[in-house]
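This report describes selected parts of one protein structure for a reader who is new to the subject. Please examine the sequence and the structure shown here before reading on.

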Amino acid sequence: MPASPPTRLERLQQLVQRLARPIEFASRDAYAHLGNVKSLGPFVSTQVLDALAGEIYPPHVETDLLGLRAVFADFDSLTDPVERRQRVEQAQAILSRLNAPDAFERVPAAQAAPAELWNLPVQFAKGVGPKRAALLARLGVSTVEDALWYIPRRYEDRASLLPIGQLVPGAAATVSGTVGRVRSNRIPRRRMTVLNVTIEDGSGALQCVYFNQPYLEDVFKPGRRIMVSGTVQAGRKGWTDLRMDVPQYEVLDDEDAPLHVGRIVPVYPETKGLTSRQLRTLIKGLLDHYLDGMTDVVPADVRLRQRLLPIRAALREAHFPQSPGDLDALNQGVTPAHRRLAFEEFFLLQLGLASQQQAVKEEAKVVRFDTATPLAGKLRALLPFRLTQAQERVLSEIQQDMASPRPMNRLIQGDVGCGKTVVALLAMVTACGSGCQAALMVPTEILAEQHYLNMRRLLEGLGLTAALLTGGGTPKARAAVRKRIEGGEVQIAIGTHALIQKHVRFARLGLVVIDEQHKFGVLQRKTLLAKGYRPDVLVLTATPIPRTLAMTVYGDLDVSVIDALPPGRKPIRTKVFEESERARAYQFALQEVRAGRQAYIVYPLVEESEKVDLRAAVEGAERLQASAFRAARVGLLHGRMKGEEKERTMAAFKAGETQVLVATTVIEVGVDVPNASVMLVEHAERFGLAQLHQLRGRVGRSAQQSYCLLLASLAAGPDGTVARRRLEALVRSGDGFVIAEEDLRLRGPGEFFGSRQWGVAEFRVANLIRDHALLEQARHEAQSLLRDDPRFSAPGHQAARDAMLRRWKTKLVLGSVS
Ligand code: ADP
Ligand code: MG
């Protein structure tokens, strides 16, 4: 008969036996072997963490296991036999509790009550106070929970102490010893004081040298026990003469020295007035005092499936690692402890996004659209091209949503120029076919006008009325448009933010399309709902966002991807020109213009100095018209121009009346003039890669060969090299997704979109690039939790829901969950 797998209790008892063996050995023969027991700390820690990752234990058992780990934390550095003996006795007491047949049922003597650490201002925590709290606030730490989640930036190995006699020049080392001779020399000629400290440990002596820190004489008192770490150097008198310049030091006689030496030591991001060392002491105190009250918000079944450490073990281990340290793993943030913490962050976010998605699905929608409306077929007949397969596929996904009784909330992702507009237009026409209105919202007036001009003619051919509503024009004209929208006379309203502002009322809004969503910031659905609309929503983005980021920003949307360009497009040739090659770049553009093509010349617009940049564009246009492009007609376009003026400028460029369009980044998105074949970007080094890719997407919109010229002022030296390498990424790849990944890697997620626009999730531990696989798992777990228990009624799920709301409520639209 096959043996049945061990029960949970049997497995606990096996663990206890494994741990008991070396401990028992240590206690044998009246503790005679105590001195010989090595590495008990790492051994116990590994065993305990392994057990905790593979099993869910009742809190009191978890506490005992963590207690065991704590008992041996600094065991190897203990020199006092009495103290060692006490530790062994403590461990034996815990082990016998765990070994009892009723280990799981036993009511713990004093189990810490769960505490609301997120409601506990750190100021009132033990040993903090208002002054420290003010400093901590600068680090983004305001509650005890924040402080416990304030994870080290890196770790230093101060565990392996070497005898001084074994040091070799050139290596980094940590040694401890006694301060011997101390000499302070003043060198008036060089206005310098030099402090020479000799440290001895019986195996040899080491010279430590400090410059201009005379006060260190108070630290290095002869006879004191000291630890220093730094790089060993050979002194003048041959290989036995060893020196360290300005090593890090710790005074070992200090009461809390064990926190800072003889182990892997956490290093925290500091702020003026609060050192890493102080943070270490502070956080250690908080862990000891509050950690037991912390509850796990990741449900037990998820933890078990994902083999995640309990939160208490993960936080302890992340702050004060104890398992035999792979320093690299710690510094890269890929230990089991880090993994557990990152998972929690992702999981809560994905839970929030999934809830939001669910909330949308539960809305009743105005109307189920008739996707077989003849209007769509008529529109297709008017188009000068056939849809690509990719467009057809995405369109049919949209139509399924539109025909369904649940609201659509879908993102269309696709590289610049892939043809998102026409797909959206077909969806809008479909909505009109069922007697509803559709709105197309875009981020800039120029783009709104472009869409309006392009679509009006097509729509008129179908007997539909379109209207343009932006912030421009006279109030009277705007009021008139609003009235036509409200009366239902306008079927398709195209505009900027103005479309969803206070006074605008739709007669029967059925579909909202948001173009270039990434320029808008957090989804406007909240605003739509607040106005009483429950339309289908289609979001278009031309910024190809990396998949991992899409999952955090758009985790609540269904996603369709148009993954192919219309046929016949040639890859755009891209080249970086340095300042000295400017004339050549202009020459090239002019040549294209002479051949009947058109060119954009773009100046950067940086917010802080908008006026200066504007002047650069205005003056640039004048200068170029007078010099390099004398033979061409040059137009100028920028955001400060009046609506009408912009309209005229764009129309002239579109008609080929002007051949060179000098512009600020207002043309970054949406503008579509197929005859333009040159995109010349001034100061390309000032742009993000994704943005440059967008700009480049303004050309290459026909079967003609197009070019992107990046003019860059590259500084000499490493900065210039980095900038060049960044731009080269664009030269190498025409694939927006590849570039977006690269941009994300180079700039980090916050910068990538400019957090202002995106409100991209800030994580304390998780890293979107490093942990992308974990993100997918977290998303999967969150979605399956919500599918099985949409109301979070299971007891283990409430903690997760509460934590999710604490963290994300203000950022998401959670409908019924909140
Ligand atoms: P984006 O996805 O960047 O918004 P657009 O919708 O502006 O791209 O389309 C880019 C250009 O490609 C437009 O000139 C559009 O008319 C054209 N286009 C779109 N779909 C097709 C197609 N299937 N075949 C040929 N040209 C197309
Ligand atoms: Mg577009």
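How many bridges join strand β13 to β14? In this predicted model, strand β13, made up of residues 509-514, is joined to β14 by 4 bridges, and the two strands run parallel. Within this pairing, V513 stands opposite L538 of β14.

**Strand β14 and its surroundings**

Strand β14 also pairs with strand β9, which spans residues 409-414. This pairing is in the parallel sense and extends over 5 bridges. One residue pair in it can be named: N409 has V537 of β14 as its bridge partner.

Is β14 enclosed or open to its surroundings? The strand covers residues 536-541, and 6 of these 6 residues are buried, so β14 is largely enclosed by the rest of the structure. The burial applies to both faces of the strand. On one side the buried residues are D536, L538 and L540, and on the other they are V537, V539 and T541. Two of these residues have already appeared above: L538 stands opposite V513, and V537 is the bridge partner of N409.

**A sheet of six strands**

Another part of the model contains an open sheet of 6 strands. Their order is β16-β21-β20-β17-β19-β18, and the pairing is parallel. At the edges lie β16 (573-578) and β18 (634-637), each of which pairs on one side only. From one strand to the next, the twist averages 20°.

Inside this order, β17 is found beside β20. Strand β17 consists of residues 598-602 and strand β20 of residues 676-681; the two run parallel and are joined by 5 bridges. Within the pair, I601 has L680 in β20 as its bridge partner.

**The surroundings of ligand 1**

Which residues are closest to ligand 1? They are G417, K420, T421, R569 and D672, out of 15 residues that surround the ligand. By character, the shell divides into 5 nonpolar, 5 polar and 5 charged residues. Three contacts with the ligand are set out in the table.

| Residue and atom | Ligand 1 atom | Distance |
|---|---|---|
| Q391, polar side-chain atom | nitrogen | 2.9 Å |
| G417, backbone N or O atom | oxygen | 2.6 Å |
| D672, side-chain N or O atom | oxygen | 2.7 Å |

On its own, ligand 1 has 570 Å² of accessible area, and the protein covers 85% of it.

Conventions:
Residues numbered from 1 in each chain as written. Chains lettered and ligands numbered in written order. Predicted model: local features only at pLDDT ≥ 70, side-chain atom pairs only at ≥ 80, totals over all residues. Heavy atoms only, no water. Near = heavy atom within 4 Å. Polar contact = N/O pair within 3.5 Å; in protein donor to acceptor, adjacent residues only side chain to side chain. Areas by Shrake-Rupley, 256 points an atom, 1.4 Å probe, with all protein chains shown as cover. Nonpolar A, V, L, I, M, F, W, Y, C, P; charged D, E, K, R; others polar. Pairing = 2+ DSSP bridges. Axes fitted to C-alpha atoms, helices over the stretch in contact; angles between N-to-C directions. Buried < 20%, exposed > 50% of the residue type's maximum accessible area, 1.4 Å probe, protein only.
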